[in-house]
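Please open the model in your viewer and keep the selection panel at hand. The stops below go from one selection to the next and say what is there.

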Amino acid sequence: MGIRNKDKGGEKGREKGKENPNRKADQNILILTYFFVGLFIALVLYFAVFLTVKKDDVINNAYNARLDSFSDRIVRGKIFGSGYEVIARTNVSEDGSEQREYPYGTLFSHVAGYTGKGKTGLEALGNFYMLSSHVNLLEQVYHELTGQKNTGDDIVTTLNVEMQQAAYDALGDRRGAVIAMEPDTGKILAMVSKPDFNPNTIAADWEDIVAETNTSGQLLNRATQGLYPPGSTFKILTALEYMRENPDTYEAFQYDCGGLLQEAEYTIQCYHKEAHGQVDFTGSFANSCNGAFAKMGLSLDAGKFHQLADALLFNTALPISLPYNKSTFSMNTGADTWEVLQTSIGQGMTQITPIHNLMITAAIANGGTLMKPYLIDRVETAAGQQVKKFMPSAYGSLMSAQEAEKMAELMRHVVTEGTGSALRDASYTAAGKTGSAEFETGKETHAWFTGFAPAESPKIAVCVIVEEGGNGGKAAAPVARKVMDVYFSQQESEE
């Protein structure tokens with residue numbers, strides 16, 4: 001009896017020490033269940049995000065070949081200006097053939113874009129919306145039964161036709177770009193690029209436009225894709241970095257300008273060797289003194305300067321929907337004297353697009369916060385019922401409110417006592433920065449102006465580049481003024 005009890009006790013001990021295989025299997029099944037439940041939840045969340053946030057971007061992607069098949073049952077919608085002016089429409093003939101028409105011809109060529117040879121501009125940006133139809137259900141059913149196409153939705157843009165015309169006319173037959181936007185909303189009011197093309201005849205003109213012998217770059221939207229040395233407009237960044245590195249002493253800066261700065265074996269000269277005399281920090285900026293800013297640049301930390309440039313969206317993706325090129329800033333720690341001198345005055349390897357220059361200006365005008373630029377205000381049915389409304393959206397802060405206020409003050413002095421005199425006697429106050437950017441030996445400089453108005457409460461920001469225009473104050477600033485004049489004339493008529 002004792003032996004049997006001992007054996008039973010041993011068996012119980014072995015059973016107690018041995019892991020239950022059924023229990024282990026249950027745990028594995030539970031882990032696997034949790035894993036698949038987690039995957040299912042993640043999948044549901046992804047589809048929720050896709051349907052609410054990313055759906056339109058994916059469907060409207062230029063690589064989505066299936067989108068064009070929508071035209072088999074939908075007549076492409078219209079593109080309107082902000083005042084319901086027809087920028088693009090589809091005319092349907094009695095035989096059912098369709099022809100895209102651009103009533104303003106070359107006026108909106110780059111920003112409105114074209115169809116047929118691919119799609120560009122707003123034709124690409126709003127492709128999904130114009131090939132979607134929200135006509136009433138009865139009308140859709142009737143069209144389906146009768147084999148007719150439904151009318152696509154229309155897009156109402158932020159573009160002001162009168163301002164677009166003013167920018168177009170002011171630029172004339174010169175190459176370059178003009179862009180205007182509201183700094184507190186991001187609405188793009190005008191966008192002109194020249195040389196241009198006629199979207200009505202794009203198919204017939206195509207071979208000539210893309211021919212190797214044609215070097216005009218007509219299809220290039222210089223407003224968003226044109227890369228240029230920023231010239232003296234870049235002194236906005238140099239001044240900001242100098243302020244950051246010398247917060248207590250920058251206002252005490254002094255420089256005696258004789259028209260030339262000699263640094264070791266290098267020489268920096270002011271525009272046409274103009275001698276500015278004794279200038280302080282504000283005077284250096286207002287008169288765009290190259291010697292003073294080159295001197296400032298030599299005292300700056302190149303690594304921190306690069307960080308500032310990156311923070312102000314150089315070498316970075318821009319928050320815009322149109323195709324664009326990234327602006328570049330390459331100077332970094334270890335840069336030699338010549339690179340520092342050139343970079344500090346907006347020359348050297350630095351390049352910027354007009355839209356990017358405008359964004360920096362708009363951020364200053366808006367207290368340091370950049371609003372994302374946008375072109376489509378809303379989508380409507382053919383009957384005028386709103387389908388989708390686009391609202392202003394902030395990208396983020398590019399600088400502090402105090403820094404923006406100081407930069408705005410400096411830019412105001414450019415107009416009141418410096419190189420921006422073309423806007424000095426305007427009926428409104430204005431602030432800005434001119435630039436004359438060297439790009440090739442023996443050729444005239446590119447002319448820049450970037451600014452905003454009213455200076456004390458900005459409502460519009462404008463950037464102008466005139467290729468080989470020479471002096472920014474004489475060639476570019478007057479173009480910006482004509483655009484601003486129209487804007488404020490409209491404001492007065494509405495009051």
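In what follows, contact means heavy atoms within 4.5 Å, and this is a predicted model throughout.

**Whole chain.** Begin with the protein chain in cartoon view, where there are 18 helices and 19 strands. Of its 495 residues, 48% count as buried, and among the contacts with a separation of 6 or more, 67% are between residues 24 or more positions apart.

**Helix α7.** Next, select residues 161–171, which form helix α7. Eight of the 11 residues of α7 are buried, so this helix is largely enclosed by the rest of the structure. The buried residues are V161, M163, Q164, A166, A167, Y168, A170 and L171, and what covers them includes α3 (109–112), β7 (176–181), β8 (188–194), β19 (460–466) and α18.

Keep α7 selected and add helix α18, residues 477–494; the axes of the two helices come within 8 Å and cross at roughly 160 degrees. Because angles over 145 degrees count as roughly antiparallel, α7 is roughly antiparallel to α18. The crossing of α7 past α18 is right-handed. To display the contact itself, show side chains for E162, M163, A166, A167, A170 and L171 in α7, together with V479, K482, V483, V486, Y487 and Q490 in α18. The residues of this contact divide into nine nonpolar, one polar and two charged.

**Helix α12.** Now move to residues 290–298, helix α12, which is mostly covered, with seven of its nine residues buried. Those seven are N290, G291, A292, F293, A294, M296 and G297. The elements that cover the buried residues of α12 include α10 (235–245), β9 (254–257), β10 (260–263), β11 (266–269), α11 (281–286) and α14.

Add helix α14, residues 337–344, which packs against α12 at an angle of about 130 degrees, with the axes 8 Å apart. That angle makes α12 oblique to α14, and the crossing of these two helices is right-handed. On the α12 side, pick F293, A294, G297 and L298, which meet T337, V340, L341 and S344 in α14. Here the contact residues divide into five nonpolar, three polar and no charged.

Which residues does F293 touch, leaving aside those up to four places away in sequence? Centre the view on F293, and the residues to look for are K235, T238, A239, S284, F285, S344 and I345. F293 counts as buried, at 0% relative accessibility. For I345, which is 52 residues from F293 along the chain, the separation of the two C-alpha atoms is 6.3 Å.

**Aromatic pairs.** Hide the helices and show the rings, since the structure holds 20 aromatic pairs. One of them joins F80 and Y84 in an edge-to-face arrangement, 5.4 Å centre to centre and with 65 degrees between the planes. At 11% relative accessibility F80 counts as buried, whereas Y84, at 41%, counts as partly exposed. Another edge-to-face pair to select is Y129 with F390, at 5.9 Å centre to centre and 80 degrees between the planes. This pair links distant parts of the chain, 261 residues apart: Y129 lies in helix α5 (residues 127–130), and F390 in the loop between β15 (386–389) and β16 (394–397). Y129 counts as buried, at 12% relative accessibility. Then select F234, F305, F314 and F329, which ring pairs link into a cluster.

**Backbone details.** Most residues other than glycine have a negative phi, and most peptide bonds are trans. The last selections depart from those patterns. K194 and P195 are joined by a cis peptide bond with omega of about 5 degrees, and P195 is found in the loop between β8 and α8 (202–210). A cis bond also joins A453 and P454, with omega of about -15 degrees; look for P454 in the loop between β18 (446–453) and β19.

Finish with A264, which is not a glycine and yet has a positive phi of about 55 degrees. A264 lies in the loop between β10 and β11 and is exposed, with a relative accessible area of 59%. N315 likewise has a positive phi of about 55 degrees although it is not a glycine; this residue lies in the loop between α13 (302–311) and α14, and is partly exposed at 33% relative accessible area.

Definitions and conventions:
Residues are numbered from 1 along each chain as its sequence is written. This is a predicted model: local features need pLDDT of at least 70, side-chain atom pairs count only at pLDDT 80 or more; totals for chains, interfaces and linings use all residues. Side-chain values use heavy atoms; hydrogens and water are left out. Axes are lines fitted to C-alpha atoms, for helices over the stretch in contact, and angles run from 0 to 180 degrees between N-to-C directions. Helices (H or I, at least four residues) and strands (E, at least two) are DSSP runs, numbered from the N terminus. Angles under 35 degrees count as roughly parallel, over 145 as roughly antiparallel, 65 to 115 as roughly perpendicular and the rest as oblique. A crossing is left-handed if the near helix is turned anticlockwise from the far one by less than a right angle, and right-handed if clockwise. Ala, Val, Leu, Ile, Met, Phe, Trp, Tyr, Cys and Pro count as nonpolar, Asp, Glu, Lys and Arg as charged, and the others, Gly among them, as polar. Rings of Phe, Tyr and Trp (its six-membered ring) pair if their centres lie within 6.5 Å; planes under 30 degrees apart count as stacked, over 60 as edge-to-face and the rest as tilted. Buried means under 20% relative accessible area, exposed over 50%, partly exposed in between (1.4 Å probe, protein chains only).
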